[in-house]
There are 2 protein chains.
Amino acid sequence: LLQTAGDFSVEKSIILALDAMGGDHAPFSVIDGAAQLIKRHPGVSFLLYGDKAQLDPLLAAYPKLQERSQVFHTDEKIEADEKPSTALRRKDTSMRLAVEAVTRGEAHGVVSSGNTGAYMALSKILLKSIPGIARPAICTVIPTEKGRAVMLDMGATVSAEASNLTQFSLMGNIFAQEMLKKSRPTVGILNMGVEEIKGHGAVQEAAALLRQIPEIVNFVGFIEGDDVHKGTVDVVVTDGFTGNACVKMAEGMGRMMLGILKKHMRKGLLNKIALICLLPTLKKLRKQLDPGSYNGAMFIGVNGIAIKSHGSASASAFANALEVAVRMVDYDFTKNIEKDVTAARAVLGDHIFHL
Amino acid sequence: LLQTAGDFSVEKSIILALDAMGGDHAPFSVIDGAAQLIKRHPGVSFLLYGDKAQLDPLLAAYPKLQERSQVFHTDEKIEADEKPSTALRRKDTSMRLAVEAVTRGEAHGVVSSGNTGAYMALSKILLKSIPGIARPAICTVIPTEKGRAVMLDMGATVSAEASNLTQFSLMGNIFAQEMLKKSRPTVGILNMGVEEIKGHGAVQEAAALLRQIPEIVNFVGFIEGDDVHKGTVDVVVTDGFTGNACVKMAEGMGRMMLGILKKHMRKGLLNKIALICLLPTLKKLRKQLDPGSYNGAMFIGVNGIAIKSHGSASASAFANALEVAVRMVDYDFTKNIEKDVTAARAVLGDHIFHL
């Protein structure tokens, strides 16, 4: 979907720091993905952190990319199954160096397909948080019956209080403005029912807070789980525990359904004919639901643009994550958050914004 | 699926109290459903609570059912959108009278397709809780890639502490023993990751408690959202907020996928040919994933067999809910729980069992 988003142009030169060694298909997917992005946005340039001996030959295949890339050699990389606590102690990993490029102001944003826990921890420690934001969230784009929606938190903040959910709503709102190209995205809090009395204290208090700032957040109330893919709202807000479990369970449902369909379709002549006739449609379906086209979750709330690409991302999926980074830099995401935090703080009070 | 479960026979005479007026298609679905059940289990008899003027003509079509049914007239019924607090104050609703039949020992179990909140509240107040069980849960059967699994809580207990999750595990285990016909079902706690350090305090403490009672619960550790439909475990344990959101979101994903598939298949000649060839397969798929064949969630933890049928249940779906009631009565569900609570209490201590 992002691939077809030709409705904006990057005027200024954007510099992205890439963890060239993170992810199952790194460094190939990283270099190929960057080459794909540069075709769409020739003004972007890259700082690549990783094994120079592997990166240089890959870059040689893409002269335009090579021209706009600087390689910073490091032997160290964080493994996918490495404990974040261990990973954090190592100072020269490709992921850490890439995040540090943002801290030092050398890059506008960082993208990695590496170990999520380590990446989150490094981003929090090195980038710190946006003033007023107590806890970060992972924000992602998901498919709906109506098109697309934004959902957060996917697992950064296990238990969210009312203030956290309020902050997530502010941030998800800004993310959706750019990703969905809507000036007033609708925002809903995930709950067990749509009635005001439903759910625990945190969701009820957050709803009450959001109702006080209608100019800042277009809050429409509670939604239920089945509203998410219906596309009832543009921004789905929940705590990290619930968001993580929900999205993974829904993915599992999707996989199960396709699996059952495929299994049935292998049997019998009629099914085989159908399968052949259906190939173009199944391809479309796969593309419409392809996790790769939604790749690029944002660590939202840290003071800098940090985009997480899926560990198994292909080159084109990685290019989508790069596109998210480009768009968030271009949209001045962090400044927009700061502006809305200031405005919301004036209404809701300092205690909601961790000051 | 329950319809084909011919592997047990009900020897003793089971009496079920039915809220004949609850649900979108009541009383037709209730009477037709009961007639379907009685074909499978001729020993079951019914106490029917509702409008005699509507029920008698319906019963007349099924002489065998009529013979084994007693109708108790009431004009009052709880509306689907009625507030539980209002519904509770009315003393002569069909739902309340049906639950009271269990309290008075006149029926072995109660089944209703009516207002979930009111039904849960009435069951808690009238049936009280099983000694040692602090909070109830809603337990349901869901499809998986491997067959079926049991999941709880679907929304009875919004926030669950470690003791609640431990009790849910004990109860889900017994429910699964009968519903999945497994003597040692595997039990997993839903979490954000499978590592021991993941998640909030309640899931970690519950896991530590369950590891102390391996003879009682076959606890295999944490699972993630995508494990649910994979069928990684037989019993998925979570709090009501998460369970409710997850299952509804997964249902929404299923609906979205079928919707997209249908939409694509209406276009173009190849797709139309495919659609015709696929009809038998789509029918199978629908049957395999049909919510009706999984109908019959159990209010687990209340001191009596109370089964919730979906509000939109058809007659055959309602028959499945009745079958769940029959099986739970036959399996002596409540006594089995009491036995395991006693055994677990001896190891874990009284404070985990609300005594």
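**Figure 1. Ser45(B) sits in strand β2 of chain B, which runs over residues 45-50.** Like every view here, this one is drawn from a predicted model. Is Ser45(B) buried or exposed? Its relative accessibility is 15%, and since buried means under 20%, Ser45(B) counts as buried. Setting aside residues up to four places away in sequence, Ser45(B) touches Ser13(B), Ile14(B), Ile15(B), Leu16(B) and Arg68(B).

**Figure 2. Leu55(B) belongs to helix α2 of chain B, residues 52-60.** Look for Leu55(B) among the buried residues, as its relative accessibility is 0%. Which residues does Leu55(B) contact, once its neighbours within four places in sequence are left aside? They are Ala20(B), Pro27(B), Ile31(B), Leu48(B), Tyr49(B), Gly50(B) and Val71(B). If you would like a distant reference point, take Met171(B): 116 residues separate it from Leu55(B) in sequence, and the two C-alpha atoms are 35 Å apart in space.

**Figure 3. Leu58(B) is another residue to find in helix α2 of chain B.** Leu58(B) has 19% relative accessibility and so counts as buried, the cut-off being under 20%. With residues up to four places away in sequence not counted, Leu58(B) touches Pro27(B), Phe28(B) and Ile31(B). Phe28(B) is 30 residues from Leu58(B) along the chain, and their C-alpha atoms are separated by 7.2 Å. Pro27(B) and Ile31(B) will be familiar from the previous view, where both are in contact with Leu55(B).

**Figure 4. A cis peptide bond links Ala26(A) to Pro27(A).** Omega is about 0° for this bond. Where along chain A does Pro27(A) lie? Its place is the loop that runs between β1 (15-19) and α1 (28-40).

**Figure 5. In chain B, the peptide bond from Leu152(B) to Asp153(B) is cis.** Here omega is near 5°. Asp153(B) is placed in the loop between β6 (147-152) and α7 (162-179) of chain B. Leu152(B) can be found at the number that closes the range given for β6, 147-152.

**Figure 6. Lys181(A) takes a positive phi although it is not a glycine.** The angle is about 55°. To locate Lys181(A), follow chain A into the loop between α7 (162-179) and β7 (186-190). How accessible is Lys181(A)? Its relative accessibility is 40%, and it therefore counts as partly exposed.

**Figure 7. Lys128(B) also has a positive phi, in a residue other than glycine.** Phi of Lys128(B) is near 60°. Lys128(B) is found in the loop of chain B between α6 (116-127) and β5 (137-144). With a relative accessible area of 53%, Lys128(B) is exposed, because that class takes values over 50%.

**Figure 8. Glu224(A) lies in the loop between β8 (218-223) and α9 (225-230) of chain A.** Glu224(A) is buried, with a relative accessible area of 17%. Which residues does Glu224(A) touch, when those up to four places away in sequence are not counted? In chain A they are Leu190(A), Asn191(A), Met192(A), Gly193(A) and Val194(A), and from chain B comes Lys248(B). Val194(A) is 30 residues from Glu224(A) along the chain, yet their C-alpha atoms are separated by 6.6 Å.

**Figure 9. Chain A and chain B meet through 54 residues of chain B in contact with 54 residues of chain A.** Together the chains bury about 5,000 Å², and carbon and sulfur atoms give 76% of that area. Which residues of chain B lose the most area to chain A? They are Met192(B), Phe241(B) and Met249(B), which together account for 16% of what that side buries.

**Figure 10. Chain A as a whole gives the setting for the close-ups, with 13 helices and eleven strands.** Its C-alpha atoms fill a box of roughly 65 × 60 × 40 Å along the principal axes. The radius of gyration is 21 Å, which agrees with the value near 20 Å for a compact globule of 355 residues. Buried residues make up 60% of chain A. Among contacts between residues at least 6 apart in sequence, 72% join residues at least 24 apart. Chain A exposes about 14,100 Å², with carbon and sulfur atoms supplying 54%. Its charged side chains number 40 positive and 37 negative, and the centres of the two sets lie 6 Å apart.

Conventions
Residues are numbered from 1 along each chain as its sequence is written. Chains are lettered from A and ligands numbered from 1 in the order in which they are written. This is a predicted model: local features need pLDDT of at least 70, side-chain atom pairs count only at pLDDT 80 or more; totals for chains, interfaces and linings use all residues. Side-chain values use heavy atoms; hydrogens and water are left out. Helices (H or I, at least four residues) and strands (E, at least two) are DSSP runs, numbered from the N terminus. The radius of gyration is taken over C-alpha atoms; the globule rule is 2.2 Å times the number of residues to the power 0.38. Buried means under 20% relative accessible area, exposed over 50%, partly exposed in between (1.4 Å probe, protein chains only). Contact means heavy atoms within 4.5 Å. Accessible areas come from the Shrake-Rupley method with a 1.4 Å probe; for residues, only the protein chains shown count as cover. Lys and Arg count as positive and Asp and Glu as negative; His and the chain ends are not counted. The place of a charge is taken as NZ of Lys, CZ of Arg, CG of Asp or CD of Glu. Buried area is the accessible area (1.4 Å probe) that two parts lose on being put together, summed over both.
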